[in-house]
Amino acid sequence: MVIGLNVDLYKMPLKTAFLVFPFLSLIFTVPYMIFQYRKNDAIVLWRTVVIYAFIYYLLTIYFLVILPLPSRSSVAAMTGPEYDLRFFHFVSNWRSTEGFALRQPKTWYLILDKHIFWEPFYNVLMTIPFGVFLRYYFKRTWWETLLYSFSLSMFFELTQLSGLYGLYPRPYRLFQVDDLILNTTGGLIGFILTPLFVFMFPTRDEIEEKNQAKQGQISLIRRGLAFLIDWGMIAVIGVLAAKKYYGTIYLHRMIANPIWYFKKVILRVDVYYFTVFLILLFFVLITNITKGYTIGKAMVKIKIVDKKTGEKAKFWQYLVRSLVFYLVINILYILVYVLFFEIGYDVMSKELLFIIIFVSTLLTLTILYDFLYYLKSQGQFLNERLSKTKLITNNTIKD
């Protein structure tokens, strides 16, 4: 039984969609990072940032093209044209403006406050970053940029012409040849202007050199990616197991009222116990069986070993390593549970509030100290020191 996740695209406002983009971009970036670790045994932070920004940009312009979504009934009632095959029709619209003359620049101001100017302008502007990415990171030539920009624009126009891949009985936006011309022009302009935007950033060759120098290193990014994969799987399992308690979760309601969702779903005793079970399963039992691998660590080619021998750690070491780390998380969870769910901060006594603030401060200082010690000790957190374990790369994992 699977929990329903109702995105409700017809009601989702554009600003809500944009709030989701960073998380969607991260989801699409993770497979690329995994591929880089498995292929090159390293990844440079700047490369990850560039790919993340590129994916975020593509998602943004895609949703700009398709949103807001009308209802099916309103689209079915449309009777207007589905496509416009006239070349440079936007120029004809300009010329139809009273007093405007294309060969007289002093008359151009007459269209600056009109839709007939801003629509083609934004169509050019929309794909300028695409040309920049293609030249800067992907090292494409001008004619390749021209081809890719045209292909991207054609994809958008066909998406509209198909009624969002058949979701609608007919197109709800007009297919226009002018959009193909303007989007392709924007990509080429981005290619030409690339040096103006990226002169302060490392070149692709410099990124590759840094990537080679970092091979075999276990950085915070690598550890964090493994952590993200493991907890992503735990979250999926938690969602699948929550059907009988919560039913359909409406995404737009979660975003509009996160406090409601936090109290209704996260701060529950049964959720707490189930999470503890999953932690022990993922980070202790499975790790012991696989001789040092969690699912996330296996994907990025690192594993836990005994610090002294470099061999497989013992069961108690996996247990201590996990419990020390999640003890901190557990304290934070209990504080939030007591503060917002069990008692309520608005009716809490001064004594209890002082205790919570004191414990929270102590917890924060402990985390800060542990992080600083990690930087000083070159990769040893408190849970690793107490469990006498460490992380190593394992290049014997077959791709």
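Let's start with R321. Leaving out residues up to four places away in sequence, R321 touches R223, I304, N383, E384, S387, T389, K390 and L391. Keep in mind that this is a predicted model. Where does R321 lie? R321 lies in helix α16, residues 315-342. Is R321 buried or exposed? R321 has a relative accessible area of 9%, so R321 is buried. The cut-off for buried is under 20%.

Now the whole protein. There are 18 helices and six strands. The chain has 399 residues, and 39% of them count as buried. The exposed area is about 23400 Å². Carbon and sulfur atoms supply 69% of that area. What about contact range? Take contacts between residues at least 6 apart in sequence. Of those, 77% join residues at least 24 apart.

On to the helix packing. First pair: α2 and α5. Helix α2 covers residues 45-66, and helix α5 covers residues 115-136. Their axes come within 11 Å. The crossing angle is roughly 155 degrees. That makes α2 roughly antiparallel to α5, because angles over 145 degrees get that label. The crossing of α2 past α5 is left-handed.

Which residues make this contact? From α2, we have W46, V50, A53, F54, Y57, L58, I61 and V65. From α5, we have M126, T127, P129, F130, F133 and Y136. By class, the contact of α2 with α5 has 13 nonpolar residues, one polar and no charged.

Second pair: α5 again, now with α6. Helix α6 runs over residues 142-161. The axes of α5 and α6 are 10 Å apart. They pack at an angle of about 140 degrees. That makes α5 oblique to α6. The handedness here is right-handed, as α5 passes α6.

The contact residues on α5 are M126, T127, F130, G131 and L134. On α6 they are T145, Y148, S149, L152 and F156. The split for α5 with α6 is six nonpolar, four polar and no charged. Look back at α5 for a moment. M126, T127 and F130 are in the contact with α2, and M126, T127 and F130 are also in the contact with α6.

Back to α2, for two single residues. T48 is found in helix α2. At a relative accessible area of 10%, T48 is buried. Beyond residues up to four places away in sequence, T48 touches T29, M33 and I43.

Then Y56, which also lies in helix α2. How does Y56 count for exposure? Y56 has 30% relative accessibility, so Y56 counts as partly exposed. Partly exposed is the band between the buried limit of 20% and the exposed limit of 50%. Y56 and F23 are 33 residues apart along the chain. Their C-alpha atoms are separated by 9.3 Å.

Last stop: a loop residue. P169 is found in the loop between α7, residues 163-166, and β3, residues 175-176. Its relative accessibility is 58%, so P169 counts as exposed. What does P169 contact, leaving aside neighbours within four places in sequence? R72, V75 and A76. P169 and R72 are 97 residues apart along the chain, and their C-alpha atoms are separated by 7.5 Å.

To recap the single residues: R321 is buried, T48 is buried, Y56 is partly exposed and P169 is exposed.

How values were computed
Residues are numbered from 1 along each chain as its sequence is written. This is a predicted model: local features need pLDDT of at least 70, side-chain atom pairs count only at pLDDT 80 or more; totals for chains, interfaces and linings use all residues. Side-chain values use heavy atoms; hydrogens and water are left out. Axes are lines fitted to C-alpha atoms, for helices over the stretch in contact, and angles run from 0 to 180 degrees between N-to-C directions. Helices (H or I, at least four residues) and strands (E, at least two) are DSSP runs, numbered from the N terminus. Angles under 35 degrees count as roughly parallel, over 145 as roughly antiparallel, 65 to 115 as roughly perpendicular and the rest as oblique. A crossing is left-handed if the near helix is turned anticlockwise from the far one by less than a right angle, and right-handed if clockwise. Contact means heavy atoms within 4.5 Å. Ala, Val, Leu, Ile, Met, Phe, Trp, Tyr, Cys and Pro count as nonpolar, Asp, Glu, Lys and Arg as charged, and the others, Gly among them, as polar. Buried means under 20% relative accessible area, exposed over 50%, partly exposed in between (1.4 Å probe, protein chains only). Accessible areas come from the Shrake-Rupley method with a 1.4 Å probe; for residues, only the protein chains shown count as cover.
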